[in-house]
Amino acid sequence: MTTSTLSRTTDTRRPTTEETSERRRSLRGRRRRERWWAALFLGPQLAFLLLFTLIPLGFAVVLAFMKWDGLGEKSWVGFDNFQTQLSDPTFRDAVLNTLTLGLITVPVGLALALLIAMALNNVRGKTFYRVVYFLPVVTSSVAVAVIWQMLLASGDLGMLNNTVHDWFGITLPDWLNDPDWVMVAIAAVTIWSSLGLNVVIFLAGLQSIPAHLTEVARIDGAGPLRIFRHVTLPLLSPTIFFSFVVAVISSFQAFDQIYVLVDPDHNEGARTIVYQVYDLGFKKFEFGASSAAALLLTLMTIVVTLVQFRAQKRFVHYES
């Protein structure tokens, strides 16, 4: 054994106090630099979040207990704004219309998206179909609403009604002016514009299911319906749950397409909670009542979402 090898094998001394202190100072310096870099990257985002989200949210919560027209002095009214909204037939109709829109768009939209995704799952050129179905999602909602307004309009301008009447002699409803049918028209536009997003999500979920599971079920004699019920649906349940929660929240926030398609001031069948918030705040300048309506919508969304998360324990199956 050489001298150098012997020195390396026998050099097992413990670090001195000075070396330990130096290492600690180096570690503290490295951590300090990491904190500075983290603050540099996160600081602007946190500042924007505080300035444009948290502060306005806190101001809206406080404003819900006040009466203010946007210019004059604020006066504290307590829960009067909430009592006024809950006793207002217009607000109750807006809640009912919002729930109706959700009851139509969520199950119908998700069911259609799931059927289309399953049809495209084993088709060649899935990327092309993804792009085609996703185009309405990235298209401006205002442009989508204008196109559908031309299709569903009454009179000589309504392309759908005129075409069906000329070809089949059937008179369709006045989709955008009849209070009994306007929510059906809005739901159809909403489903069409959001269908592509759910199709892409379901396609991703279907492709993540292991192929050997369906193959084993098929070897055991299971047909397509049994494979879908006992293999595909349970493994796809987390994806369905995610899309369901997002779709419900989106239905509660419906505004832009309704604002362009119809005039809820003259058609109460199209008034939703978000339009009620807009009408009170930016048309009637009752910012306290508008904030109260917005806070009630927020509470309703939170309650419905919590119910969904509680229910997922029975219907959603996660792979262990």
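# Exercises on salt bridges, domains and helices

Lys283 is partly exposed, with a relative accessible area of 35% (buried is under 20%, exposed is over 50%, and partly exposed lies in between, computed with a 1.4 Å probe on protein chains only). The model is predicted, with local features needing pLDDT of at least 70 and side-chain atom pairs pLDDT 80 or more, while totals for chains, interfaces and linings use all residues. Residues are numbered from 1 along each chain as its sequence is written, and side-chain values use heavy atoms, without hydrogens and water.

## Exercise 1

Find the salt-bridge partner of Lys283 and state which parts of the chain the pair ties together.

Solution.

Step 1. Lys283 forms a salt bridge with Asp265, with N and O 2.5 Å apart (a salt bridge is a side-chain nitrogen of Lys or Arg within 4 Å of a carboxyl oxygen of Asp or Glu).

Step 2. Asp265 sits in the loop between helix H11 (256–261) and helix H12 (273–282), and Lys283 in the loop between H12 and helix H13 (287–315), so the pair ties together parts 18 residues apart in sequence. Helices here are DSSP runs of H or I of at least four residues, strands are runs of E of at least two, and both are numbered from the N terminus.

Step 3. Asp265, at a relative accessible area of 27%, is partly exposed.

## Exercise 2

Trace the salt bridges of Arg271 and place them in the network that links Arg271 to other residues.

Solution.

Step 1. One salt bridge of Arg271 is with Glu268, where the closest N and O atoms are 3.1 Å apart.

Step 2. Another joins the side chain of Arg271 to that of Asp279, at 3.4 Å from N to O.

Step 3. Arg271 is buried, with a relative accessible area of 4%. Asp279 is buried as well, whereas Glu268 is partly exposed at 35%.

Step 4. The network of salt bridges links Asp265, Glu268, Arg271, Asp279, Lys283 and Lys284. The count of salt bridges comes to 6.

Step 5. A further residue can be located relative to Glu268: the C-alpha atom of Asp178 is 9.7 Å from that of Glu268, although the two are 90 residues apart along the chain. Asp178 belongs to the loop between helix H7 (159–168) and helix H8 (182–207), and its relative accessibility of 24% makes it partly exposed.

## Exercise 3

Describe what lies between domain 1 and domain 2 in terms of contacts, buried area and polar pairs.

Solution.

Step 1. The domain assignment gives domain 1 as 18–64 and domain 2 as 80–313; such bounds come from an automatic or database assignment. Their C-alpha centres are 38 Å apart.

Step 2. Contact (heavy atoms within 4.5 Å) involves 4 residues of domain 1 and 7 residues of domain 2.

Step 3. The size of an interface is often given as the accessible area lost when the parts come together. Here the two domains bury about 380 Å² between them, 67% of it on carbon and sulfur atoms (area lost on being put together, 1.4 Å probe, summed over both parts). On the domain 1 side, Val61, Leu63 and Ala64 lose the most area to domain 2, together 90% of what that side buries.

Step 4. Between the domains there are 0 salt bridges and 1 residue pair in polar contact, with both residues at pLDDT 80 or more. A polar contact is a pair of N or O atoms within 3.5 Å; within protein, one must be able to donate a hydrogen and the other to accept it, and residues adjacent in sequence count only if both atoms are side-chain atoms.

## Exercise 4

Determine the surroundings of Gln257 and of Thr305.

Solution.

Step 1. Gln257 is in helix H11 and is buried at 9% relative accessible area.

Step 2. The side chain of Gln257 makes a polar contact of 3.3 Å with that of Ser193. Not counting residues up to four places away in sequence, Gln257 touches Ser141, Val144, Ala145, Val189, Thr190 and Ser193.

Step 3. Thr305 is in helix H13 and is buried, at 16%. A polar atom of its side chain lies 2.7 Å from the backbone oxygen of Thr301.

Step 4. Leaving aside neighbours within four places in sequence, Thr305 is in contact with Val245 and Ile249.

## Exercise 5

Compare the UniProt "transmembrane region" spans 99–120 and 287–307 with the model.

Solution.

Step 1. The unreviewed UniProt entry places this feature at several spans, including 99–120 and 287–307. Positions follow the numbering used here, feature names are shortened, and annotations may be inferred rather than shown by experiment.

Step 2. Residues 99–120 are 100% helix and 0% strand, with end C-alpha atoms 31 Å apart.

Step 3. Residues 287–307 are 100% helix and 0% strand, with end C-alpha atoms 30 Å apart.
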